[in-house]
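Take a look at the protein below. Scroll along the sequence and turn the structure as you read.

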Amino acid sequence: MKIGSIELSPPFALAPMAGMTDTAFRRLVKRNGGCGLVVSEMVSSEGLVRGIDRTLEYAEYTEEERPVSIQVFGGDPAKMASAAQIVEGMGADIVDVNMGCPVPKIAKHNAGCSLMREPAHAAEVVRAMSRAVKIPVTVKMRAGWDAGEINAPDLARRLEDAGAAAVAVHGRTAAQSYSGSSDWELIARVATGLSIPVFGSGDCVDPEQIVQRLQGGGVGGVLVGRGALRNPWIFEQARDLAAGRAPRQVSSVERGQFLLDYIGLLMTERVGEADGFRHIAPGQVPLPSTPARGHDRWVINKLRALNSWYTKGLDNGSHLRVSINAAESIPQLRAIIEDFFFVSEDALSA
């Protein structure tokens, strides 16, 4: 699968998820293999243009994540074009437009999924961005606003005409949020009507579902969100299945080590500059870095957020979740993880 000149192999992508798909998580997913593209958490176009520090932090990435897409949200064509230029200047491979976020605080500002309610305006946003940059401009959307406004097939054609290099379609409406089921027949209809690549998204929580959708869903690629939070090896396992191999088995020790590695990467962030990061927008003067306040608490909260998903389906997963939620220090957090994953593995092999 190719988006512009960017080749994705395999055509499986990590979906953008606010608060979850930070650079540390993306790096670990890429290290596991099988993920052809990672997409950042959504970034405010307003914040990028104004050079707000926290906004730029969300756009950080490292070389090992490539190819990498930075997703921006906003509704003003000129500001979105300027934001796209900043993303291009930061060296990202792709800039993605969020037209799928159903959260009211985003939608009420003529951004996210509310752009789908104004197809002509949405196309103008993409047109302004695609004219402003040389890197591919892509769009992530939903089926529509609600059951009475399912317009993804028509909007996708408008966006292709406006210069979009690819689209990703989550087969739920904004009104559904994450309830109900993703409509893959609608996603296939979108793909049939376009000449640019289409990612399908929704309800792919195991590797078999990814392969099934790729081979029978009429799409060029599959975008995976919550399935990767539960199982960061899902892309590698899907690649094995697509190649006719048995999916690799993930040991308890590997699952525990993933969390320890995640903690290790997070501990190096917000305390200084790490090699390979881009922390400032082009043309800006770097500011002296200072340690973040409450850094350990921030790391613990990140682990709590991930483990609301990561523990699903694990034997005694609820026990691990409760223990991590009660952790008050990094050493305690590490000990909880080691006791749960490493001790249980030792017991099985004894």
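This report visits a helix, a pocket, the cysteines and some unusual backbone spots. Keep in mind that the model is predicted.

**Helix α1 and its buried arginine**

Start with α1, which is mostly covered: nine of its 10 residues are buried. Among them are Phe 25, Arg 26, Leu 28 and Lys 30. What lies over these buried residues? The cover includes strands β3 and β4, along with helices α10, α11, α12 and α13.

Both ends of α1 have something to show. At the N-terminal end, Asp 22 acts as a cap. One of the side-chain oxygens of Asp 22 sits 3.1 Å from the backbone nitrogen of Ala 24. After the helix comes Gly 33, with a positive phi near 95 degrees.

Now zoom in on Arg 26, a member of helix α1. Is Arg 26 buried or exposed? Arg 26 counts as buried because its relative accessible area is 0%, and the cut-off for buried is under 20%. Its side chain makes a polar contact with the side chain of Glu 65, at 2.6 Å. The side chain of Arg 26 also reaches the backbone oxygen of Thr 21, at 2.7 Å. Leaving out residues up to four places away in sequence, Arg 26 touches several others, including Leu 14, Val 38, Ser 40 and Tyr 61.

**The second largest pocket**

Next, find the second largest pocket, with a volume of about 540 Å³. Its lining has 29 residues. Nearest the centre lie Pro 16, Met 17, Lys 140, Arg 142 and Tyr 178. Three elements give two or more residues to this lining: β8, β11 and α10. Which of them gives the largest share? That is α10, with three residues. Sorted by class, the lining holds 16 nonpolar, nine polar and four charged residues.

**Cysteines without partners**

How many disulfides does the whole structure have? A search finds zero. Take Cys 35: the closest cysteine sulfur, in Cys 204, is 13 Å away, so the two are too far apart for a bond. The sulfur nearest to Cys 101 belongs to Cys 113, at 8.5 Å, and Cys 101 is in no disulfide. Cys 35 is buried, at 7% relative accessibility. Cys 101 is buried as well, at 9%.

**Unusual backbone spots**

Two cis peptide bonds come next. One joins Ser 9 and Pro 10, with omega about -5 degrees. Pro 10 lies in the loop between β2 and β3. Another joins Arg 66 and Pro 67, with omega about -10 degrees. Pro 67 lies in the loop between α3 and β6.

Then look for positive phi values in residues other than glycine. The table lists two cases.

| Residue | Phi | Loop | Relative accessibility |
|---|---|---|---|
| Ser 177 | near 55 degrees | between β9 and α8 | 28%, partly exposed |
| Asn 316 | near 60 degrees | between α13 and α14 | 57%, exposed |

The loop between β9 and α8 also holds Asp 183. Asp 183 is partly exposed, with a relative accessible area of 34%. Its C-alpha atom is 9.6 Å from that of Gly 200, and the two residues are 17 apart along the chain.

Methods:
Residues numbered from 1 in each chain as written. Predicted model: local features only at pLDDT ≥ 70, side-chain atom pairs only at ≥ 80, totals over all residues. Heavy atoms only, no water. 1 Å grid on protein atoms, 1.4 Å probe; cavity = no way out; pocket = protein on both sides within 12 Å on 5 of 7 lines; lining within 4 Å. Points joined across faces, edges and corners; volume = space filled by probe spheres on them. Helix = DSSP H or I, 4+ residues; strand = E, 2+ residues; numbered from the N terminus. Nonpolar A, V, L, I, M, F, W, Y, C, P; charged D, E, K, R; others polar. Buried < 20%, exposed > 50% of the residue type's maximum accessible area, 1.4 Å probe, protein only. Polar contact = N/O pair within 3.5 Å; in protein donor to acceptor, adjacent residues only side chain to side chain. Contact = heavy atoms within 4.5 Å. Disulfide = S-S within 2.5 Å.
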